[in-house]
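Open the model in your viewer and keep the sequence panel beside it. This tour goes from one selection to the next and says what is there.

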Amino acid sequence: MAYDGPMPSVTEETRGFFEAARRKVLALHRCRKCRRWYWPASACTACDNEPFLANMQWEEASGKAEIFAFIVARRTFHPQFQAPFVYGLVKTAEGPLIPCGIDVAPHEARVGLAVEAHFVELTPDYTVPRFRPVQR
Ligand SMILES: [Zn+2]
C-alpha cells in the first residue's frame, strides 16, 4: 500500500536530518564549539554561541537509544497507523530526546528498554527513522 499518511515537516532546521535519514543515517545537531548534541536546535544553549545554526552541524549519531516515555495507542485514528501501536520519546545515547514511532509489541514496551534506529521509506523522497528493540 502506498503511504498516504502525514508527511514530515521539513524546515531549514530539520533538512539535514531527513537528508541523512534517506542515507539510513541517524543525524543529530552538534555544537561545533562545545560538541554538545541537540535534536534539532538553532543555537547551542550550553555555550556562548551564534543563533541561526551558525555553529551547529549535523553529525552521525550512534542510533542507540532507550525508551524514555511511551503511550500505547489503542484506537486507529488514521488507516496508516493501525492500533495498537507504540509512540513515545526515546533518549538517544548522545542525550537528545526524539519523539517517534517505536516498533515494539505493546506488552513488551517499557521505560529503559534498549532500542536502535531503523529506517522506513515513506515515499521515494522521504525516509524516517523509527526505533525498535536492539536485535540480538
Ligand atoms: Zn555549544
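The stops below begin with the whole chain and end with single residues.

**The whole chain**

Keep in mind throughout that this is a predicted model. Show the chain as a cartoon: there are one helix and eight strands. Read from the N terminus, the order of elements is α-β-β-β-β-β-β-β-β. Along the principal axes, the C-alpha atoms fill a box of roughly 45 × 30 × 25 Å. The radius of gyration is 16 Å, which agrees with the value near 14 Å that a compact globule of 136 residues would have. Of these 136 residues, 18% count as buried. Among contacts with a separation of 6 or more, 49% are between residues 24 or more positions apart.

**The helix**

Select residues 15-22, which form α1. Which residues of α1 are buried? They are Phe17, Ala20 and Ala21. These residues lie on the same side of α1, because they cover an arc of only 100 degrees around the axis. In an α-helix, residues three or four places apart point the same way, since there are 3.6 residues a turn. To see what the buried residues of α1 pack against, add β1, β3, β7 and β8 (126-133) to the selection.

Next, move to lysine 24, in the loop between α1 and β1. Just after α1, lysine 24 takes a positive phi of about 60 degrees. Most residues other than glycine have a negative phi. Lysine 24 counts as partly exposed because it has 13 C-beta neighbours inside 10 Å.

**A three-stranded open sheet**

Now select β1 (residues 27-31), together with β2 (37-38) and β3 (56-60). They make an open sheet in the order β2-β1-β3, with antiparallel pairing. The edge strands, β2 and β3, each pair on one side only. Between β1 and β2 there are two bridges. To find a point where these two strands face each other, label histidine 29, which stands opposite tyrosine 38 in β2.

Follow the chain between β1 and β2 and stop at arginine 35, in the loop that links them. Arginine 35 has a positive phi, near 70 degrees, although it is not a glycine. Is arginine 35 buried or exposed? It is exposed, because it has 11 other C-beta atoms within 10 Å.

**β4 and its two partners**

Select β4 (residues 64-73) and β7 (residues 114-123), which run antiparallel and are joined by three bridges. Alanine 65 is the residue to label in β4 here, with valine 115 opposite in β7. Then add β5 (residues 85-92), which pairs with β4 in the antiparallel sense over eight bridges. On this side, glutamate 66 stands opposite lysine 91 in β5. In a regular strand the side chains alternate between the two faces of the sheet.

Between β4 and β5, find proline 84 in the loop. The peptide bond that joins alanine 83 to proline 84 is cis, with omega about -5 degrees. Most peptide bonds are trans.

**The nonpolar core**

For the next stop, show side chains for Ala27, Val90, Ile102, Val115 and Phe131. Of the 17 residues in the largest nonpolar core, these five touch the most other members: Ala27, Val90, Ile102, Val115 and Phe131. Two or more residues come from each of α1, β1, β4, β5, β6 and β7. With three residues, α1 gives the most to this core. In soluble globular proteins, nonpolar side chains tend to be buried together.

Centre the view on alanine 27. Leaving out residues up to four places away in sequence, alanine 27 touches Gly16, Phe17, Ala20, Trp58, Glu59, Glu60 and Ala61.

**Valine 104**

Finish at valine 104, in the loop between β6 (97-102) and β7. Valine 104 is buried because 20 other C-beta atoms lie within 10 Å. Which residues are in contact with valine 104, leaving aside neighbours within four places in sequence? They are Val86, Ala109, Leu113, Arg132 and Pro133. Draw a distance from valine 104 to valine 86, C-alpha to C-alpha: the two are 18 residues apart in sequence and 6.8 Å apart in space.

Technical notes: Residues numbered from 1 in each chain as written. Predicted model: local features only at pLDDT ≥ 70, side-chain atom pairs only at ≥ 80, totals over all residues. Pairing = 2+ DSSP bridges. Helix = DSSP H or I, 4+ residues; strand = E, 2+ residues; numbered from the N terminus. Rg over C-alpha atoms; globule rule 2.2 N^0.38 Å. Buried ≥ 20, exposed ≤ 12 C-beta atoms within 10 Å, placed from the backbone. Contact = placed C-beta atoms within 7 Å. Arc of directions from axis to C-beta. Core = buried A, V, L, I, M, F, W, Y, C linked by C-beta atoms within 7 Å.
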